[in-house]
Amino acid sequence: KDIDIHLLTEHDLLEITFLVLNFLRNKNSKFEIYFEDFREQKSSMFIGIKDYPGTTDKWYIDIWITSDRKYTGFDQVEYFKNVLTRKQRKTILLIKEHYDALGMLNNGFSSIIYEAVLHKKVTNQIQFEQFLREKYS
């Protein structure tokens, strides 16, 4: 399970990254925290927190700090708010719940579910499995 956080800033990316790292270290020095520099590729810095304790599971928290809006999820979220129907949202949620229970909802798998429901008109788990077979055969 993971949570993605996107911080859009006009300030120096390294400065903001170190402020966030400092905050996290002061909150809990036992967090396993790592960071990567993507300023050349994505005008971004990345901070990852591994095994953040939730109520039922451990979570990965991905924090993206960027000065370029196109590297955030903001536009994608707004797009989905505008185009997904209530039925499509429910279908996505049901498929995600199924694959989460199998421990497979990771590494971009959610985007495949959105693709199937939004662009291939998948409406249930059986159709999604057929979509996967066709896509990856």
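**Notebook: sheet, helix packing and one aromatic pair**

I began with the sheet, which is open, has four strands in the order E1-E4-E3-E2, and shows mixed pairing. Strand E1 (2–8) and strand E2 (32–38) are the edge strands, each with a single partner strand, so one side of each has no neighbour in the sheet. On average, and with direction ignored, neighbouring strands of this sheet are turned by 15° against each other.

For the record, I am working from a predicted model, in which local features need pLDDT of at least 70 and side-chain atom pairs count only at pLDDT 80 or more, while totals for chains, interfaces and linings use all residues. Residues are numbered from 1 along each chain as its sequence is written, and side-chain values use heavy atoms, with hydrogens and water left out.

**Terms I kept to hand**

I take helices (H or I, at least four residues) and strands (E, at least two) as DSSP runs numbered from the N terminus, and I call two strands paired if DSSP finds at least two bridges between them. Axes are lines fitted to C-alpha atoms, for helices over the stretch in contact, and angles run from 0 to 180 degrees between N-to-C directions. Contact means heavy atoms within 4.5 Å.

**Entry: overall layout**

I counted out the elements and found six helices and four strands in the protein, which run β-α-β-α-β-β-α-α-α-α from the N terminus on. The C-alpha atoms fill a box of roughly 45 × 30 × 30 Å, taken along the principal axes.

**Entry: strand pairing**

I then went through the sheet pair by pair. E1 and E4 run parallel and are joined by seven bridges, with Ile-3 opposite Ile-61 in E4. E3 and E4 pair in the antiparallel sense over eight bridges and form a hairpin with four residues between them. Along this pair I noted Ile-47 opposite Ile-63 in E4, and Ser-44 opposite Thr-66 in E4.

E2 pairs with strand E3 (residues 44–53), again in the antiparallel sense, over seven bridges. Here Glu-36 stands opposite Phe-46 in E3, and the bridge partner of Asp-37 in E3 is Met-45.

**Entry: the helix on the sheet, and an aromatic pair**

I looked up which strands helix H1 (residues 13–27) lies across, and these are E1, E2, E3 and strand E4 (58–66), with the helix running at about 15° to E3.

Searching the whole structure for aromatic pairs gave ten (rings of Phe, Tyr and Trp, the last by its six-membered ring, pair if their centres lie within 6.5 Å; planes under 30 degrees apart count as stacked, over 60 as edge-to-face and the rest as tilted). One of them is formed by Phe-18 and Phe-35, edge-to-face at 6.0 Å centre to centre with 75° between the planes. Phe-18 lies in helix H1 and Phe-35 in strand E2, so this pair ties together parts that are 17 residues apart in sequence.

**Entry: H4 against H6**

Helix H4 (residues 86–101) packs on helix H6 (residues 125–135) at an angle of about 70°, with the axes 10 Å apart. H4 and H6 are therefore roughly perpendicular to each other (angles under 35 degrees count as roughly parallel, over 145 as roughly antiparallel, 65 to 115 as roughly perpendicular and the rest as oblique). The crossing of H4 and H6 is right-handed; a crossing is left-handed if the near helix is turned anticlockwise from the far one by less than a right angle, and right-handed if clockwise. Ile-95, His-98 and Tyr-99 of H4 make the contact with Gln-125, Phe-128, Glu-129 and Leu-132 of H6. By class, I listed four nonpolar, two polar and one charged residues in the contact of H4 with H6 (Ala, Val, Leu, Ile, Met, Phe, Trp, Tyr, Cys and Pro count as nonpolar, Asp, Glu, Lys and Arg as charged, and the others, Gly among them, as polar).

**Entry: H5 and its two partners**

The axes of H4 and helix H5 (residues 109–119) come within 10 Å and cross at roughly 145°, in a right-handed crossing. From H4 the contact takes Gln-88, Thr-91, Ile-92, Ile-95, Lys-96 and Tyr-99, and from H5 Phe-109, Ser-110, Ile-113, Tyr-114, Val-117 and Leu-118. These residues divide into eight nonpolar, three polar and one charged.

Helix H3 (residues 74–83) packs on H5 at an angle of about 35°, with the axes 13 Å apart, and the crossing of H3 and H5 is left-handed. Tyr-79, Phe-80 and Val-83 in H3 meet Tyr-114, Leu-118 and His-119 in H5, and I noted five nonpolar, one polar and no charged residues in this contact.
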